Amino acid sequence: MRLKIQVTGIVQGVGFRPFVYRTAVRNGLSGYVKNRADAGVEILLEGQEQAIRQFLKNLKKDKPPLAKFHHIITSKLPGRNEHTEFVIKKSSNEAELSGSVIPPDIAICNDCLIELRDPKDPRFEYFFITCTNCGPRFTIIEKLPYDRENTTMRAFPMCGFCLNEYKDPLNRRFHAQTVACPRCGPRVYLTDAKGKVLREKDPVREAGKLLSEGNILAVKGYGGFHVAVSTTKPKPLMRLREVKHRSQKPFAVMARSLGATKTFAEVSKNQEELLTSYVHPIVLLNKSREYYLSDSVAPGLHNIGVMLPYTGLHYMLFDKVEDSAFVMTSANPPNQPITKDNDEALGTLKGTVDFFLFHDRQIAHRCDDSVVRTHGADMVFIRRSRGYAPAPITLRRKAKRCVLGLGGELNNTSCILNEDKIFLSQHIGDVDNIETRGFLDEATKHLIRLTNSRIDAVVCDLHPKFVTTHLAQQWAEENSWQLVRVQHHYAHVAALMVEHDVGEIVGICCDGYGYGIDGEAWGGEILSCTDEASGFKRVAHLEAQPMMGGDLATYYPLRMAAGILHGHVDLEDWLLGNRRHFPHGEKEVNIILQQLEKENVIRTTSCGRVLDAVSAVLGICHERTYEGEPSVKLESIAVKGKDKLKLKPIIRGDTLDTTKLLLGIFENKDKHSKADLAYSAHVYLAEGLAALAIEKASENNIKTIGFSGGVAANEILTLTMGKIVKASGLRFLVHRDVPPGDAGLSFGQAVASEFFHF
Ligand SMILES: [Zn+2]
Ligand SMILES: [Zn+2]
């Protein structure tokens, strides 16, 4: 019998060909296996029918741990057998099927870790030790098929020893494209701030020592550079904050081990699984009572982002020091993508760092670390990037068209919907500047090539001025793609519906800002959504509140509070008492007081802005230096509180009154603790939004309520709302596969345009 098999999925870069080879030989079959340029694998088998059947069984049952099958397409071939043995054939440039993709980068595996520490092993203490089961993939590939010459490992011809392993079917590095050793592979070296090479015999451990002593280092990793610094020495930390102009934004840390993590943070069972999974994401963990890292690592927050070492280099950084963790934050100039090239790093980081730990392997594609947190037992994505991208999310629906989603403006990603698969790009960032727009362009085109997708339609936001809106219009015109525009919050809720495959939902969608159907600023919406024609409707929302000074109210939340409280309390004394929190002091306060009397102010229904205002009234945060700062700091205070205020939510028609909330907080600010008031504010919003959603669900006979938008990353709101909704007998859904915030927006746009009526 002769059988041709085409396998799609994640089958390149995961040790699949060696596995097929061994399985075929074991079953006495001849033929070949080869990679194709559509990221799929083609197999030809010749031999006894019985043996071929056994092969197919083994194929499904014993596949390599990182391989994922989408389709196994078999066809019997006529004619005589042509092969006398089984071989791994040279890869072909044929690209016919779409939907396969190469794997994400994978954290160092246990086998490699054991070799790294074994003095008898030829790769003892080799920083770039990898195998078929671990190492970089997505970040080194330039084009398909996944062969060494198509990756940035091309620059490192294998030595005899590595080549022998590469060719030996019994070796665990048989056909591992990243195989390398100290003799033939990438080299690591230390330089001073100007790029002058320091002849260190042991550059990685020396770098660790320099960190421990209080220096700032740039460390090149898989998907870009990290800036690293001690977690316990306030001086270099403050220096880093100064040069990076990041006075408050939390830094993620890399802990030397799980045990070390537990000395400063609380780690639950599911958080432990996340930390040690092959992704090794940054996990937000609650600081423990014994927390001893410097306050300037994650100022004003109850939690801290922690990841474990994911390369040999990371492990070795800790070898000669006692530190339990180092700050490891993405190295990027303000509002620009993560730095990836050595020259680029020297240019952009030279004023920031004291030393560079370089290696000489190029990074083909930038990829930031992923960030996740947990809400009780559930995992919530904050950023889905390294270790996840570009692996697809499988839907329970199949698209007819191939759709590209370009996302919004902040925290952006792009994505491709191809049949029942969604391929989400790595984290791109805020695309309101030229560099990040370039990154979006390049990452999206690369994703289209990697998945061999033929795009039919491109989707963007309703906002007329977003960079992504212009880009979508341009690409639609250039390529004759259909252009679809989807409202921001509709897209968020559509994502939730498709993730859970529900046909109708009442969606609560809360975030900072989204351009509404009416052109107004939305952000605290209740949407009734069905997959019938014109099935998306805004049915309720938060009270529209004035934004004093427009966008300035986003940066200085006291302005938001003033607008809400105007007419209810005497603002003059209070604002003047807070004059130091305005950049222009008393003068600015006086202007605000005048503006309050005017009628035509921009209004917003944003939930984020209400949380910001509460944060400002409680004196928790007066200036937003990073996205979400006032509200995440509010949550951090609230976790220690109780609902002592017991404010009853006021609902008027389809509107949840937020003036009453802020007034309640304001009037009681000297009667209860900040923590209790912060917690009560959360409860008010959760109860009010849940009550409105339950009412709308019952009016429309819908049995499911969902929570989406950036605010859905808030644990107190999510858990409180969930409890109320479930107690009313309805289902409560939250995001599982994509971030609830704008990092998941492109996903929502793509599925909304394909599965719903827009
Ligand atoms: Zn390995
Ligand atoms: Zn070698």
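This section describes two zinc sites, the strands around β6 and β14, helix α17, and the surroundings of Ser753 in a predicted model.

The zinc ion (ligand 1) is bound by the SG atoms of Cys109, Cys112, Cys131 and Cys134, at 2.3 Å. Along the chain these donors follow the spacing C-x2-C-x18-C-x2-C. The arrangement is tetrahedral, because the four donor atoms subtend angles of 104 to 116° around the zinc ion (ligand 1). Cys112 belongs to helix α3 (residues 110-116), whereas Cys134 lies in the loop between α3 and α4 (160-167), so this pair ties together parts that are 22 residues apart in sequence. Cys112 has a relative accessibility of 0% and therefore counts as buried. Cys134 is likewise buried, with a relative accessible area of 0%.

The zinc ion (ligand 2) has as its protein donors the SG atoms of Cys159, Cys162, Cys181 and Cys184, which lie 2.2 to 2.3 Å from the ion. The spacing of the donors of the zinc ion (ligand 2) is C-x2-C-x18-C-x2-C. The angles subtended by the four donor atoms around the zinc ion (ligand 2) run from 103 to 116°, which makes the arrangement tetrahedral. Distant parts of the chain are linked by Cys159, in the loop between α3 and α4, and Cys184, in the loop between α4 and β6, a pair 25 residues apart. Cys159 has a relative accessible area of 17% and is classed as buried because the cut-off is under 20%. Cys184, at 9% relative accessibility, also counts as buried.

Strand β6 (residues 188-192) runs antiparallel to strand β14 (residues 355-359), and five bridges join the two. In this pairing Val188 stands opposite His359, and Asp192 stands opposite Phe355. Strand β6 also pairs with strand β7 (residues 197-198), in the antiparallel sense and over two bridges. Here Leu190 is placed opposite Leu198 of β7. The two strands β6 and β7 form a hairpin with four residues between them, and Gly195 in the turn has a positive phi of about 95°.

Strand β14 has a further partner in strand β8 (residues 217-220), with which it pairs in the parallel sense over three bridges. Within that pairing Leu217 is opposite Phe355. Phe355 of β14 thus stands opposite Asp192 and also opposite Leu217. In a regular strand the side chains alternate between the two faces of the sheet. In β14 both faces are covered, with Phe355, Leu357 and His359 buried on one side and Phe356 and Phe358 buried on the other. Five of the five residues of β14 are buried.

Helix α17 (residues 585-596) has twelve residues, which at 1.5 Å a residue should span 16 Å; the end C-alpha atoms are 17 Å apart, which agrees. The buried residues of α17 are Gly585, Glu588, Val589, Ile592, Leu593 and Leu596. These residues are on the same side of α17, because they cover an arc of only 140° around the axis. An α-helix has 3.6 residues a turn, so residues three or four places apart point the same way. Lys587 and Gln594 are exposed on the other side of α17. The cover over the buried residues of α17 includes α15 (557-565) and α16 (571-577).

An open sheet of six strands is arranged in the order β17-β20-β19-β18-β21-β22, with mixed pairing. Its edge strands are β17 (393-394) and β22 (482-486), each of which pairs on one side only. Strand β21 (residues 457-461) runs parallel to β22 and is joined to β22 by five bridges. Across this pairing Val459 is opposite Val484.

Both of these valines are also contacts of Ser753, a residue of helix α23 (residues 745-755). Leaving aside residues up to four places away in sequence, Ser753 touches Arg401, Val403, Val459, Val484, Val486 and Phe758. Ser753 counts as buried because its relative accessibility is 8%.

Note on methods:
Residues are numbered from 1 along each chain as its sequence is written. Chains are lettered from A and ligands numbered from 1 in the order in which they are written. This is a predicted model: local features need pLDDT of at least 70, side-chain atom pairs count only at pLDDT 80 or more; totals for chains, interfaces and linings use all residues. Side-chain values use heavy atoms; hydrogens and water are left out. Two strands pair if DSSP finds at least two bridges between them. Donors are N, O and S atoms within 2.8 Å of the metal (3.2 Å for Na, K and Ca); water is not among the atoms, so sites may look incomplete. Four donors count as tetrahedral if all angles lie between 85 and 135 degrees; four count as square planar and six as octahedral if opposite donors are over 155 degrees apart and all others between 65 and 115; anything else is irregular. Buried means under 20% relative accessible area, exposed over 50%, partly exposed in between (1.4 Å probe, protein chains only). The expected span of a helix is 1.5 Å times one less than its number of residues. The arc is that of the directions from the helix axis to the C-beta atoms. Contact means heavy atoms within 4.5 Å.
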